[in-house]
Amino acid sequence: IVSDLYIKNELDDNVIKCMWELTTITTTATPTQLTIAGYAYTVLSMIAKQSPGILTPTRISHLITTGLGSTSMILMRGALLCLQTAPAYINTPPNAIQTASMTGKAKSNPLADYESPTELQAHYTSAFATLQDIIIGAIFDEMTDSSSMEVATWSWFSLCELAVHVLFHIHPQPDIAVGKMISHMYEGVVNTTNSTLNTNTNGSVTCILSRFLYVLGQAALCTLVFTERFANITKRTNELLETNKSNTNTTNSANTTKKVSKIQSDDDMEMEMGMSAARDADHEKRFLQSTEYDITLNESNLLSKFHPFIAYIAANESGQYTHNMLRHTSTLALCRYMSVSSMLSEQYLPLLFTILEKDEVSLAPTTTTTDTPNTPTNPTSIQSKHASQLRTTIMICLGDLAFRFPNALEPWTHRMY
């Protein structure tokens, strides 16, 4: 709605100026002021989808400093939404934007409003460390109470998702950056679980492992989107180069030969169409190789080493991983891995349907005594609430798999319904 209002010129520059003023906060800002600033960033992100030019380098620096540097999750969420709409300058090949414009895929150069792309790149670089802290869950380092950590972890999931999206949007090598974060988190998981193996009774171990699983699944999904985006850019760039080459050859031929027989013209057209089809087939083959195998099955790729680990926790054959948070994150991570590769999808569909059939949604009884009020911050009530969402999560993922890999899911259709 906000984007439509901006397109219709019902939101002028004064409104945008007021929104930016609301995001100007001090170190003594109250929680209410931080919340208002977060919502202002959210509104600005909606406008920036239609006009990325409102996010100038100076304003990007401002939202990185005030938004990502805050402890308010609402403010950080709003800042991350804004960064998602900022121009993806760093991870865009130099000729990609020009190619998109010349082929009609983009209305204008989104970097046209920026006088200093180097300055913009410097601002993006300053955000990398903060994004890493959000993704690896550095805010939990000083938390010792497992109940508070569990409540905070449930809120952290959506924030982490946005942070990973932003990292893949503005980082020059997001796959390498995420790989380092995953290695760091894995060391923490190993050190913690070695000291306390029972994840059903130790809340802190459950939260640490759940956060690790969530990052794995989100990283796999964002890597797929990242690969698809670059594959499309590469394809359009190659098409433009071939078109320019063909036009040059046609011009040279016209200058040297005034007459070309109809038979020769038809032959040239058929040859050009055949070469174009061959290029498309080669591009599709390379893309399928990257998505089907390289991301999640190639042993040299870090992400591929963890899908057996995720499946083991999701299956829970030993009964050691019964905590609702752990079941939810492990199943979600497994579904996201399956969404990347049809081979993984076929491999783990039996397990996914087994989880769906055997899982019994058991809501914990609510306590209404004065000693333990049934409030939204009560970890027991939160855990029960999210337990009821596991089947819903699986069904949504099955819908995504049916759209992406219909042939893989077809034998299981009767069981799904």
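Start by selecting Asn316: at 12% relative accessibility, this residue counts as buried (under 20% relative accessible area with a 1.4 Å probe, protein chains only; exposed is over 50%, partly exposed in between). Before moving on, note that this is a predicted model, where local features need pLDDT of at least 70, side-chain atom pairs count only at pLDDT 80 or more, and totals for chains, interfaces and linings use all residues. Residues are numbered from 1 along each chain as its sequence is written, and side-chain values use heavy atoms, leaving out hydrogens and water.

Check the backbone of Asn316 too: phi is near 55 degrees, a positive value in a residue other than glycine. Asn316 sits in the loop between helix H12 (307–315) and helix H13 (324–340); helices are DSSP runs of H or I with at least four residues, numbered from the N terminus.

Next, select helix H16, residues 390–404. Its end C-alpha atoms are 21 Å apart, in agreement with the 21 Å expected for 15 residues at 1.5 Å a residue (1.5 Å times one less than the number of residues). Colour Leu390, Thr393, Ile394, Cys397, Leu398 and Leu401, which are buried in H16. They lie on the same side of H16, because they cover an arc of only 135 degrees around the axis, taken from the directions from the helix axis to the C-beta atoms. Turn to the other side of H16 for Ile396 and Phe403, both exposed.

Finally, add H14 (residues 342–358). Which residues of H14 meet H16? Among them are Leu349, Leu352 and Phe353, and the H16 partners include Ile394 and Leu398, with contact meaning heavy atoms within 4.5 Å.

Conventions
Helices (H or I, at least four residues) and strands (E, at least two) are DSSP runs, numbered from the N terminus.
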